[in-house]
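Here is a set of short exercises to work through with a structure viewer open. Try each task before you read its solution.

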Amino acid sequence: MAPNRSAIEGRKYVLPSTSESNNQIHCQYCNKPYSSRGIRSHEQSCLRRREKKKDDDDFAALAAQAVEEQIRKKDARRKRKRLLKGQTNTSSHVVSDPLQDHTENVPDDFIAGPSFETGSDMVDAMSADSDSSMASHGPTPPTLSSLAAVPSVHSDLDTFKTEYHPHSGRATSIETFSAFGRKQDQQPPIVDEEPWQPFSCRADFEFAELAHNAALNKDHTDELLRLIWRIADGQAKLTFKSHRDVSSAWDRVAGQMTPFKKHTITVRHKREDLPFDVYTRPLWDWALDLLHDPLLAPHFVWDAQRLYKHDGTHFERFFHEPWTADRWWNVQSSLPENGVPFAFMLYADKTHLSSAGTVKAYPVFARCGNLPVHIRNTDGLGGGRMVGWLPIVPEDSEQDGKLTYVNLKRIVWHEGFLKLLETIILYAQTGYAYLCYDGIVRWLYAFILLLSADYEEQCVMALIRGTNCHCPCPICLVPSDKLYDNASTYPIRSPEDAQACVELWNRDKKAGEEALKKRGLRPVMNVFWRIPNSNPHETISQDHLHVYHIGEWGKHLFGELKRHAAALGRSAEKKIDDQFAAFTRWRNLNHFDRVTNITYSDGNKLRDISKQILYTAHNVLTRTDDEAGYALLRCIASYLHIDMYVSLDVHTTSTIEAGKAEVLKFQTHLEEYMAIIDETDPDVTKNWNFPKMHASKHIFDDIIAKGAARNFSTRPNEKQHGPIKRWYLRQTNRKDIASQILELDHKSFVAEFIRSRIVFLDEERHKLTLSREELEEEDDDDEPFEAHLHIGSPLRNLTSLVQVEEDNRSNRAFDQFRKKLATFLNHFLPSHHIPLPDGIRWLKLSPQDQVHEHRYLKVHYESTTTWKLATDYLRCSPSFHGHERRDCALIRTQDKDGNDRNIFVKLLFVFKHTVGERTLDLALVLPMDASPRRRLLDRDLRLTRLCARPAASSEFITLHSIIRGALLVPDFDNHGDYFLVDYVDTDMFLRVQRNLI
């Protein structure tokens, strides 16, 4: 069981005893013996600590009293609000007993905000002050700057239905947009006033944490401490004086969390017993660490849910967290009525610790599926944690490749993994009674929700023979020569069939080997067969990173594209590289100066190359110059659509069906490409029958079963290899590295535990310093959206209008800047009921009137993917990190007939201008709504082509007409034409697919 950290017993530790000598004197304050030479210094420090402790105790008492008073007042306010709401609220209709609470297990992070397009919140907010009051209350002239009228909304649009698992005893509920996702009021966790214990004080903990995170060795730690003591000499609350003190403190706190245990397993091979060491953090004890944590307890979700959103005509189901998907529902259906699933997510992968690749590690990481993704996929409290260190069978040049030696490696892996799973096997069968945070005793049944791994590890987990066997898929029995054919469906593997084959092999080696070989299996008992609801063929998940970004794209499609470019000559490669260098820069999108002659292994960089490749290669691999290369670009366009559908954080049944349909389109394009290659270049022997090509057959089924792909992505886990490598290089002696690295990992675990409590304490103390109004404002979560935009990076000085025109004399977009601005203001202000100053009827601007240029915009918008707040960061600067940035945006306007219309614009000049007492947020933009000449290329590669107006046609807009940012890249062969990069994020992708632009 996990170590007990009862709040009643407190944290206890015993300091080593010390013997007294004849030259020692007892301190008059603490009665401890000290040397006569140092007693005076100690008594002064002791007195200061004693006075500080008294002050701390007095402060803690006052703080506790204040907290109790705040809680009492807050509870009283909530009771009044609920009473008032019970008398007047008619917006929510619940299909059950009205006294029953139906919000218990809705995740905190899934709170949808109001729509800018459909609600009046933004218009009301903008009418409060500044130029944000642009809501039209009368006829609006047909100008680009006009805000669109608020469209009418179906009465059932944005209505949500939640269907709970029958075992939960909770009735189906239907809620409005504003009510969906709200959690019931909860009693705040008890504040631990000294969360750093058993460190002597907070400063001790923070120094030990810093030394650990900075990977300081013994000499560095001693030197840093000497420096601190020379400077502070007792004035700071730091008690460490040597590395031994820091190590002793870590030793005292080690018992705070479940430590690692060492096991030795013995495997027989060729009449010899081979020992292997396995290190595990007992999995159920780690789970209890999470369950006992008061900061995590409110976030656990137990019951399966089916979620629906009304789309204007009917309720459509959507998937995001694991408990909203089918596998959780099915597992809970198999349990007793009072049982709930406790879901483990496991990841295992070998990694190289040394640059030469000779030193390897095989860590296992665990995450808890009952916690929401914003906690689960982090590295901190409640996030991924190393729970195992598996043995690696040494390479043997004489034995490698032999069937018996390969089977030995599989046996060692599963025997080692059994040691990790031992503590949950019993509770997976019998359940574990636990008093949860909400006061309900639940029976928790452990199970493996999913296994996250690359294909190599999937073969080990499923015990199949790999790429060259008859059936290389760990999920189904697809033949090895049909892996690219995702239009066909093959039987799903089952543990019962695999067990029968292994048992046959144990009785009859020849017949058993034939049966195993036919199915691509190995004669080894699978450890996951021991755990109910943990079928390895169901738990293994297709990884977005390795299947698509590194695999299908990085190793295959991108490699083919570079081969075609090289065949066209160095000038073709240089053109692609030059166009990559000229590609429009965008936040969180890697920029490349060249790609054709560099090999990338970073999945994130490969992903970003794929998002840019169509726009930089379409005029190189043309239909006339390279027919096969052009067909390959069509394959890449289809691949990008699949990648974007897989990337969605919230899936609906319609996006899943669209993704499955795109998989079949990709296969059609691939077959066309292969046919052209056979005709034009028969010597090419590229084989498209590889397992990762087949993964698209299963990935959307994985999403239906386990939620969004980020739930089973290896990305969060592979990041955790970084600290292991740093510890090996900086803090070990390169001998017996497992025990050293695991000790360092445990320090990180304990440090995160203590740090989370210190952060919580600081937040609670900060609340005590706030006024009642400020506290209510911080607690008010009725408005999840903040202001629509923030304008920043102002220049130090204001600029006159004549100076703006002079500075941009060579740019025709700034011609008659003052005159255009005056015309815009004289139409814009009256149309939005903003009076002109001093009662004048026509506003005239003088050359000396001033504007205040800004070069940064932060725009908030409602994501079409998650229905939550998303943010774009836009730049309008002549030099941002040494490069000109004139970002683009999608804005809301009206055409000449007064119809709502969205268009793209390029930001040329962002500024504030004051008219009378009102300050307006404005921009000079270049509209991208000229009619472009449509091309066959656009249809084949599914590109959205835009055309800029002439520079002299620039116009002014209010910044509050911006919907969101947009990434546009020039068509390098057609001046004035641009392409919309809809692969930049899932929101823009769905807007294009749904014709919302």
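The exercises below concern a predicted model, and each one comes with a worked solution.

**Exercise 1. The chain as a whole**

Task: Find how many helices and strands the protein chain has, and what share of its residues count as buried.

Solution: Start with the secondary structure, which comes to 28 helices and 31 strands. Next, take the burial: of the 997 residues of the protein chain, 52% count as buried. Finally, look at how the chain contacts itself. Among contacts between residues at least 6 apart in sequence, 69% join residues at least 24 apart.

**Exercise 2. The nonpolar cores**

Task: Work out which residues touch the most other members of the largest nonpolar core, and which helix gives this core its largest share.

Solution: A general tendency makes a good starting point: in soluble globular proteins, nonpolar side chains tend to be buried together. Here the largest nonpolar core has 135 residues, and Ile636, Phe817, Leu821 and Leu825 touch the most other members. The largest share of this core, 14 residues, is supplied by helix α17 (residues 627-647). A second core, separate from that one, has 88 residues, with Val253, Leu290, Trp302 and Leu761 among them. To see one member of the largest core in detail, select Leu821. Setting aside residues up to four places away in sequence, Leu821 touches Leu801, Leu845, Phe911, Leu922 and Phe956.

**Exercise 3. The largest cavity**

Task: Describe the largest cavity by its volume, its lining and the helices that contribute to it.

Solution: Begin with the search of the whole structure, which finds six cavities of 30 Å³ or more. The largest cavity has a volume of about 110 Å³. It is lined by 17 residues, and the closest to its centre are Tyr455, Gln458, Gln542, Pro691 and Ala695. Now sort the lining by residue type: nine are nonpolar, five polar and three charged. Then sort by element: α10 (455-462), α14 (544-568) and α19 (691-694) each give at least two residues. Of the elements, α19 has the largest share, with three residues.

**Exercise 4. Two buried residues**

Task: Place Val331 and His165 in the secondary structure, and decide whether each is buried or exposed.

Solution: Val331 sits in helix α7 (residues 326-334). Its relative accessible area is 4%, so Val331 is buried. Leaving aside neighbours within four places in sequence, Val331 is in contact with Pro341, Phe447 and Asn533. The C-alpha atoms of Val331 and Tyr445 are 9.5 Å apart, although 114 residues separate the two along the chain.

His165 belongs to the loop between β4 (160-164) and β5 (173-175). With a relative accessible area of 1%, His165 is buried as well. Beyond residues up to four places away in sequence, His165 touches Ala304, Trp329, Gln332 and Ser333.

**Exercise 5. Gln731 and a distant stretch of chain**

Task: Say which helix holds Gln731, and which residues Gln731 touches.

Solution: Gln731 is in helix α22 (residues 721-731). Its relative accessible area is 21%, so Gln731 is partly exposed. Not counting residues up to four places away in sequence, the residues that Gln731 touches are His212, Ala215, Leu216, Arg726, Gln740 and Leu744. For a C-alpha distance, take Lys218: this residue and Gln731 are 513 residues apart along the chain, yet their C-alpha atoms are separated by 9.2 Å.

**Exercise 6. Backbone exceptions**

Task: Locate Ala215, Asp838 and Pro198, and state what is unusual in the backbone at each.

Solution: The background is that most residues other than glycine have a negative phi, and most peptide bonds are trans. Ala215 is not a glycine, but its phi is positive, about 55°. Ala215 lies in the loop between α3 and α4 (218-232), and at 11% relative accessibility it counts as buried.

Asp838 also has a positive phi, near 60°. Asp838 is in the loop between α26 (817-831) and β21 (850-862), and with a relative accessible area of 79% it is exposed.

Last comes Pro198, which is joined to Gln197 by a cis peptide bond with omega of about 5°. Pro198 lies in the loop between β5 and α3 (202-213).

**Exercise 7. Cysteines**

Task: Count the disulfides, and decide whether Cys436 and Cys501 are buried or exposed.

Solution: A disulfide needs two cysteine sulfur atoms within 2.5 Å, and the count comes to zero. Cys436, at 7% relative accessibility, counts as buried. Cys501 is buried too, with a relative accessible area of 5%.

Note on methods
Residues numbered from 1 in each chain as written. Predicted model: local features only at pLDDT ≥ 70, side-chain atom pairs only at ≥ 80, totals over all residues. Heavy atoms only, no water. 1 Å grid on protein atoms, 1.4 Å probe; cavity = no way out; pocket = protein on both sides within 12 Å on 5 of 7 lines; lining within 4 Å. Points joined across faces, edges and corners; volume = space filled by probe spheres on them. Helix = DSSP H or I, 4+ residues; strand = E, 2+ residues; numbered from the N terminus. Nonpolar A, V, L, I, M, F, W, Y, C, P; charged D, E, K, R; others polar. Buried < 20%, exposed > 50% of the residue type's maximum accessible area, 1.4 Å probe, protein only. Contact = heavy atoms within 4.5 Å. Core = buried A, V, L, I, M, F, W, Y, C linked by side-chain atoms within 4.5 Å.
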